[in-house]
Amino acid sequence: MVKVDNLQKNYGGFKLNISMEAVEGRVTAVVGKNGAGKTTLIKAILGMIRPDGGSTEIFGISSDRLTAEEKLRIGVTLADSGFSNELSVEDVIRILRKAYPSFNEELYRRLCKEERIDTKKQLRKLSTGMKTKIRVFNAITHKADFLVLDEPTAGLDVDARNHILDLLREFMEEDERRSILITSHIASDIENISDEIYMIDNGRILLHEETGNILDYYGVVKVRDEDYEDLDKQYILCSRKGSFGYECLTSAKQFYAENYPNAVVENSGIDDLIIMMTGGR
């Protein structure tokens, strides 16, 4: 569905250099701290910025050569762009109706009703959460094959986030050939929706792993200073010194649980990976 090959983009002191793929039938997540390069990557994939090197493809076609018909197969939400705030939701519906032959107006209106969004209101009069929902509705209601979602649940409470995630699951279940590329700083959302994860920092990929593997096999090993030197580090990805010893991120938590009875082995999640791999040694 998407292939990024040695993509390079330079902004002063920041340099993006990434290769990755998002295949059909799967939800691929890109995670990292603010400023890691997530949005730059998304905009390069969509052809919104010109790369300094490398290539990006969607549907096997270079991003800058997509036809209007091929672009209709993509649904997009970007945190920093959208329709003018002077437009009403009804205006947005009219635009989508004309722009997308496959626009499902019935579904769009049902979603607005479920979320108690007054379609007669201007976007500027909606709450931040409602605007976020509208951006997601814009992306999923024209039968796209590929969604690119940049922070689609930002600004939403837990119930609203779960509803959006349910809509994305339904989107994927309707057609096994569909694909989603998503960024988010909310770890629980990524863990609940994604099949695989790319973690980036300072424009580089630090980790590419199946989400299930992270939840099943990754963990944080905590040991005292005096035990750290004797620790078998073949499965340690990174470590950092704490107040009471060392914390070590591992991809084989069971190994340390079985072989180091004095160590504390805890389950890890996406937040632990980001914190440890961008701040550990």
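Q: Which strands stand at the edges of the open sheet ordered 12-13-11-14?
A: The sheet has 4 strands in antiparallel pairing; strands are DSSP runs of E with at least two residues, helices are runs of H or I with at least four, and both are numbered from the N terminus. Two strands pair if DSSP finds at least two bridges between them. Each edge strand has a single partner, so one side of each is left without a neighbour in the sheet; these are strand 12 (236-242) and strand 14 (264-267).

Q: Which pLDDT is needed for side-chain atom pairs to count?
A: Residues are numbered from 1 along each chain as its sequence is written, and side-chain values use heavy atoms, with hydrogens and water left out. This is a predicted model in which totals for chains, interfaces and linings use all residues and local features need pLDDT of at least 70, while side-chain atom pairs count only at pLDDT 80 or more.

Q: Which residue stands opposite V221 in strand 13?
A: Strand 11 (residues 219-223) and strand 13 (residues 245-250) are antiparallel partners over 5 bridges. Within strand 13, the residue opposite V221 is C248.

Q: Which are the edge strands of the sheet ordered 2-1-4-5?
A: This open sheet of 4 strands is paired in the antiparallel sense. Its edge strands each pair on one side only, and they are strand 2 (14-22) and strand 5 (61-62).

Q: What is the bridge partner of I58 in strand 5?
A: Strand 4 (residues 53-58) and strand 5 run antiparallel and are joined by 2 bridges. In strand 5, I58 has as its bridge partner I61.

Q: Which residue of strand 8 stands opposite V30?
A: Strand 3 (residues 27-31) is mostly covered, with 5 of its 5 residues buried, that is, under 20% relative accessible area, where exposed means over 50% and partly exposed lies in between (1.4 Å probe, protein chains only). V27, A29 and V31 point one way, and T28 and V30 the other. Strand 3 pairs in the parallel sense with strand 8 (residues 179-183) over 4 bridges. Opposite V30 in strand 8 stands T183.

Q: Which residue of strand 9 stands opposite T28?
A: Strand 3 and strand 9 (residues 196-201) run parallel and are joined by 4 bridges. The residue of strand 9 opposite T28 is E196.

Q: Which helices do the buried residues of helix 4 pack against?
A: Y108, L111 and C112 are the buried residues of helix 4 (residues 105-114). Viewed down the axis of helix 4, they fall within an arc of 100° (taken from the directions from the helix axis to the C-beta atoms), so they line one face. On the other side, E106 and K113 are exposed. By contacts, meaning heavy atoms within 4.5 Å, the buried residues pack against helix 3 (89-99), helix 5 (128-140) and helix 6 (158-174).

Q: How many residues of the contact of helix 5 with helix 6 are nonpolar?
A: The axes, lines fitted to C-alpha atoms over the stretch in contact, come within 11 Å and cross at roughly 5°, on a scale from 0 to 180 degrees between N-to-C directions. The contact is formed by K133, V136, F137 and I140 of helix 5 and A160, I164, L167, L168 and F171 of helix 6. With Ala, Val, Leu, Ile, Met, Phe, Trp, Tyr, Cys and Pro counted as nonpolar, Asp, Glu, Lys and Arg as charged, and the others, Gly among them, as polar, these residues include 1 charged and no polar, and the nonpolar number 8.
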